Amino acid sequence: MKKLCLSIVLFLFLVTSAFAMVNINTAGVKELATLSGIGPAKAAAIVLYRKNNGQFKNTKDLIRVKGIGPNLMKKIEKEIKVGK
């Protein structure tokens, strides 16, 4: 019974975290690195770009970050947001 309860809790955690959107204006390197195709180096580039240029007005502005092209944007567009 304990294993079943633990399995259910773990499953629910994984499902909810899979649908959690990352706010590209507030996320740090660790959180950004959880996005598909974004590793620590690209995550750091996003944070640096945001620091130097201000917050992103919309998710498509992320393409201005070096190393993020149209294909990667298509891959992560459902995982990211700006604002609330």
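This is a short dialogue about reading a predicted protein model.

Colleague: What should I know before I start, and what is the mean pLDDT of the protein?

Modeller: This is a predicted model, in which local features need pLDDT of at least 70 and side-chain atom pairs count only at pLDDT 80 or more, while totals for chains, interfaces and linings use all residues. Residues are numbered from 1 along each chain as its sequence is written, and side-chain values use heavy atoms, with hydrogens and water left out. pLDDT is the predictor's confidence in each residue, from 0 to 100. The mean pLDDT of the protein is 87, with 81% of its residues at 70 or more.

Colleague: Where is confidence lowest, and where is it highest?

Modeller: Where pLDDT is low, the predicted coordinates should not be read in detail. Here helix α1 (residues 2–19) has the lowest confidence, with a mean of 61, and helix α3 (residues 40–53) has the highest, at 97.

Colleague: In what order do the elements run?

Modeller: Helices (H or I, at least four residues) and strands (E, at least two) are DSSP runs, numbered from the N terminus. The protein has four helices and two strands, in the order α-β-α-α-α-β from the N terminus.

Colleague: What span should α3 have?

Modeller: The expected span of a helix is 1.5 Å times one less than its number of residues. The 14 residues of α3 should therefore span 20 Å, and its end C-alpha atoms are indeed 20 Å apart.

Colleague: Which residues of α3 are buried, and which are exposed?

Modeller: Buried means under 20% relative accessible area, exposed over 50%, and partly exposed in between (1.4 Å probe, protein chains only). In α3, the buried residues are Ala43, Ile46, Tyr49 and Arg50. They line one face of the helix, because seen down the axis they fall within an arc of 120°, taken from the directions from the helix axis to the C-beta atoms. An α-helix has 3.6 residues a turn, so residues three or four places apart point the same way. Pro40, Ala41, Lys51 and Asn52 are exposed on the other side of α3.

Colleague: What do the buried residues of α3 pack against?

Modeller: Contact means heavy atoms within 4.5 Å. The buried residues of α3 pack against α2 (29–32).

Colleague: How many aromatic pairs are there?

Modeller: Rings of Phe, Tyr and Trp (its six-membered ring) pair if their centres lie within 6.5 Å; planes under 30 degrees apart count as stacked, over 60 as edge-to-face and the rest as tilted. That rule gives one aromatic pair. The ring centres of Tyr49 and Phe56 are 5.6 Å apart and their planes lie at 10°, so the pair is stacked. Both Tyr49 and Phe56 are buried.
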